[in-house]
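Trainee: I'm new to this one, so could we walk through it together, a question at a time?

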Amino acid sequence: MGVSFGKTLIPPAADNPRGFMEDSDIVAFNKRVFEHFSIDPDAITKIVPDTWQADNAYKIFAEELEEIIEEKSSVADIFGIKDPRISLLLPLYKDVFKKLRINLVLIHVSRHVLEVAHSLQSRNEIPLAHALERYGQYQSTIELYGKGEV
């Protein structure tokens, strides 16, 4: 494919022996954003507050993400990052890529809803109903913020 996913990938695990292809720096960053906004990625409640982009921390997180993306983009002409939680933070990522003048291409890999829900249920030990709700929230966020780019 010719896309570099970097060298700091989360290692394979029993539930994903082929590997996650998720960058540990990106995953850690996303977790910090979620913690700041008191977002539980496995909760059934609304994910991201409507006012999060107006919060003073948004600019601070954008600056931190800029540094991470600049580092990731410096090692390869074409690079990729993957973390399903990025969909919840898509406005932030889009702002940063635009500011850095990096051409952003969103690739939305779609799996059957029950396959994803069962995976979330098993790995995160959450009820199937919560996993289905979470899948729906990820999809609606992608549709809202990824229009014309997915």
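Mentor: Sure, and one term up front: a pocket is an open set of grid points with protein on both sides within 12 Å along at least five of seven lines, and its lining residues have an atom within 4 Å of a point. Keep in mind that this is a predicted model.

Trainee: Okay, which residues lie nearest the centre of the largest pocket?

Mentor: Start with the space itself, which has a volume of about 1,900 Å³. Its lining takes in 49 residues, and H1, H3, H4 and H5 each supply at least two of them. Those nearest the centre are Glu22, Lys82, Asp83, Pro84 and Arg85.

Trainee: And how many residues of that lining are charged?

Mentor: Sort the lining by residue type. The nonpolar group has 28 residues and the polar group has ten. That leaves the charged group, and its count is eleven.

Trainee: Let's go inside. Which helix gives the largest share of the largest nonpolar core?

Mentor: That core has 26 residues, and among those with the most contacts inside it are Phe29, Leu65 and Leu92. The elements giving two or more residues are helix H1 (24-36), helix H2 (56-73) and helix H3 (90-99). The largest share is seven residues, and it comes from H2.

Trainee: What does Leu92 touch, leaving out residues up to four places away in sequence?

Mentor: Leu92 is one of the residues with the most contacts inside the largest core, so let's list its partners by going up the chain. Lowest in number is Phe29, followed by Trp52. After those come Tyr58, Phe61, Ala62 and Leu65.

Trainee: Which residues does the second core include?

Mentor: This core is separate from the largest one and has six residues. Among them are Val116, Ala117, Ile126 and Ala131.

Trainee: Back to H2: which elements are included in what covers its buried residues?

Mentor: H2 has 18 residues and reaches 26 Å from its first C-alpha to its last, close to the 26 Å expected. Its buried residues include Tyr58, Phe61, Leu65 and Ile69, along with Glu66 and Lys72. The cover over the buried residues includes H1 and H3.

Trainee: What about H5, which helix do its buried residues pack against?

Mentor: The length first: 18 residues at 1.5 Å a residue should span 26 Å, and the end C-alpha atoms of H5 are 26 Å apart, so the two agree. Buried residues of H5 include Ala131, Arg134, Tyr138, Thr141 and Ile142. They pack against H4.

Trainee: Is Ser87 buried or exposed?

Mentor: Ser87 is found in the loop between H2 and H3. Outside its sequence neighbours within four places, Ser87 is in contact with Tyr138, Thr141 and Ile142, and its C-alpha is separated from that of Tyr138 by 6.1 Å, though they are 51 residues apart along the chain. The relative accessible area of Ser87 is 8%, and the cut-off is under 20%, so Ser87 is buried.

Trainee: Is Phe97 buried or exposed?

Mentor: Phe97 lies in helix H3. Not counting residues up to four places away in sequence, Phe97 touches Ile69, Phe79, Ile81, Ile102 and Leu104. Its relative accessibility is 5%, so Phe97 counts as buried.

Trainee: How far apart in space are Phe34 and Leu89, C-alpha to C-alpha?

Mentor: Phe34 is found in helix H1, and it is buried, with a relative accessible area of 1%. Along the sequence, Phe34 and Leu89 are 55 residues apart. In space, their C-alpha distance is 9.2 Å.

Trainee: Is Arg101 buried or exposed?

Mentor: Arg101 lies in the loop between H3 and helix H4 (113-124). Its phi is near 60 degrees, a positive value in a residue other than glycine. With a relative accessible area of 79%, where over 50% is the cut-off, Arg101 is exposed.

Trainee: Last one: what is the relative accessible area of Glu125?

Mentor: Glu125 sits in the loop between H4 and helix H5 (128-145). It isn't a glycine, yet its phi is positive, about 55 degrees. Glu125 is exposed, and its relative accessible area is 71%.

Technical notes. Residues numbered from 1 in each chain as written. Predicted model: local features only at pLDDT ≥ 70, side-chain atom pairs only at ≥ 80, totals over all residues. Heavy atoms only, no water. Core = buried A, V, L, I, M, F, W, Y, C linked by side-chain atoms within 4.5 Å. Buried < 20%, exposed > 50% of the residue type's maximum accessible area, 1.4 Å probe, protein only. Helix = DSSP H or I, 4+ residues; strand = E, 2+ residues; numbered from the N terminus. Contact = heavy atoms within 4.5 Å. 1 Å grid on protein atoms, 1.4 Å probe; cavity = no way out; pocket = protein on both sides within 12 Å on 5 of 7 lines; lining within 4 Å. Points joined across faces, edges and corners; volume = space filled by probe spheres on them. Nonpolar A, V, L, I, M, F, W, Y, C, P; charged D, E, K, R; others polar. Expected span 1.5 Å × (residues − 1).
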